[in-house]
Amino acid sequence: MTVHPGRDGQHFIEDTLDKIKDIRRRSTDTGEWKDIEVDGSINCGNIGKVIKAGANIIVSGKALFKMKYVIGVDLGTSATKTILVDQNGKIVAEASVKYPMYQPENGWAEQDPSDWSEAAISTIKSVVEKGQVNGKDVRGIGISGQMHGLVMLNEENQVIRRSIIWCDQRATKQVEEMLELPMEKWMKITANPPMAGWTAAKILWIRENEPELFAKCRHIMLPKDYVRFILTGKYATDASDASGMQMLDVKNRCWSQEILDFLKVDRELLGDVYESPEVVGNLLPKIAEKCGLSTETVVVAGGSDNACAAIGTG
């Protein structure tokens with residue numbers, strides 16, 4: 001579609017904004033994204049109004065401006081919430097999907113990792129559709145998530161059992177065993193005392209109580225890291241979330257070999273540690289297709305929900 005600038009710049013802006021709305025309406029009807037094309041040059045100071053409206057502006061066949069977007073996914077205990085944000089920081093679309101928590105015994109709490117991944121893919125697809133954006137203009141995805149949950153995969157990258165999540169308290173006996181290593185050591189390396197709700201104690205519980213399942217384990221992940229693995233195929237975590245596993249050398253932001261040796265946990269079970277804004281990988285082709293995105297869309301390491309909330313509150 002071509003928009004011809006009039007002699008009055010304000011009239012041009014108003015006319016262009018009206019056509020943006022019309023294009024978006026018809027894009028929804030047809031499922032196709034249409035750019036706004038302008039013949040000639042733009043000579044008006046308030047073109048920013050058009051840019052903020054979220055249009056792709058093309059002048060004489062050359063792209064003048066294309067709005068870029070990012071997606072934020074929050075993997076919570078009760079639901080996954082996802083937003084699409086433009087480069088001006090405006091929330092363009094949002095979606096959420098709820099899922100259950102299982103409590104097979106008093107003090108136990110579990111969730112199915114497939115619920116998380118399906119919710120993430122569903123909400124990402126939903127915000128792209130609601131926002132009526134070209135998937136190629138979504139540059140990146142970041143994930144925040146509930147901390148401490150234990151996700152175990154076998155050699156075929158299949159989930160071995162439901163995840164034992166943060167509020168589960170079954171591993172109190174294992175905490176006592178962990179205290180055979182002096183508290184001073186735990187505090188110096190991991191910056192926290194051993195706790196039943198944290199990941200290390202859960203690993204020990206599985207090894208002691210479900211040895212046949214532990215023997216099949218080839219990868220250990222946190223909840224949001226499992227979702228990122230589904231999106232990218234990469235085994236990874238970030239320093240903020242890893243700090244809640246009780247195995248990270250917090251000061252040096254890497255896995256503590258001393259703690260791993262004490263716990264008898266193989267380093268190969270754990271993903272690489274990234275900083276939150278670092279790119280871990282790109283969307284897998286099958287995931288990009290499902291979500292209406294591009295394989296050029298990157299996924300960053302993300303962060304724990306508490307760390308991300310702290311940043312959000314300033």
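I started at R267, whose side chain makes a polar contact with the side chain of D272 at 3.3 Å. Note to self: this is a predicted model.

Next I looked up where R267 sits, and found R267 in the loop between α10 (257-263) and β16 (272-274). Leaving out residues up to four places away in sequence, I listed what R267 touches: W255, Q257, L260 and D272.

Is R267 buried or exposed? Neither: I count R267 as partly exposed because its relative accessibility is 26%, and the partly exposed class runs between under 20% for buried and over 50% for exposed.

I also checked R267 against I220. The two are 47 residues apart in sequence, and their C-alphas are 9.9 Å apart in space.

Then I went to the largest pocket, which comes out at about 280 Å³. Which elements give two or more residues to its lining? I got β9 (138-145) and α12 (305-312), with α12 giving the most, at 4 residues. Among the lining residues I noted I143, S144, A307, C308, I311 and G312. S240, S276, P277, V300, G302 and G303 are on the lining list too. By class I have 6 nonpolar, 6 polar and no charged residues in that lining.

Last stop was helix α3, residues 113-131. I find 19 residues spanning 27 Å from the first C-alpha to the last, close to the 27 Å expected at 1.5 Å a residue. Just after α3, I noted that Q132 takes a positive phi of about 55°.

Technical notes: Residues numbered from 1 in each chain as written. Predicted model: local features only at pLDDT ≥ 70, side-chain atom pairs only at ≥ 80, totals over all residues. Heavy atoms only, no water. Expected span 1.5 Å × (residues − 1). Buried < 20%, exposed > 50% of the residue type's maximum accessible area, 1.4 Å probe, protein only. Contact = heavy atoms within 4.5 Å. Polar contact = N/O pair within 3.5 Å; in protein donor to acceptor, adjacent residues only side chain to side chain. 1 Å grid on protein atoms, 1.4 Å probe; cavity = no way out; pocket = protein on both sides within 12 Å on 5 of 7 lines; lining within 4 Å. Points joined across faces, edges and corners; volume = space filled by probe spheres on them. Nonpolar A, V, L, I, M, F, W, Y, C, P; charged D, E, K, R; others polar.
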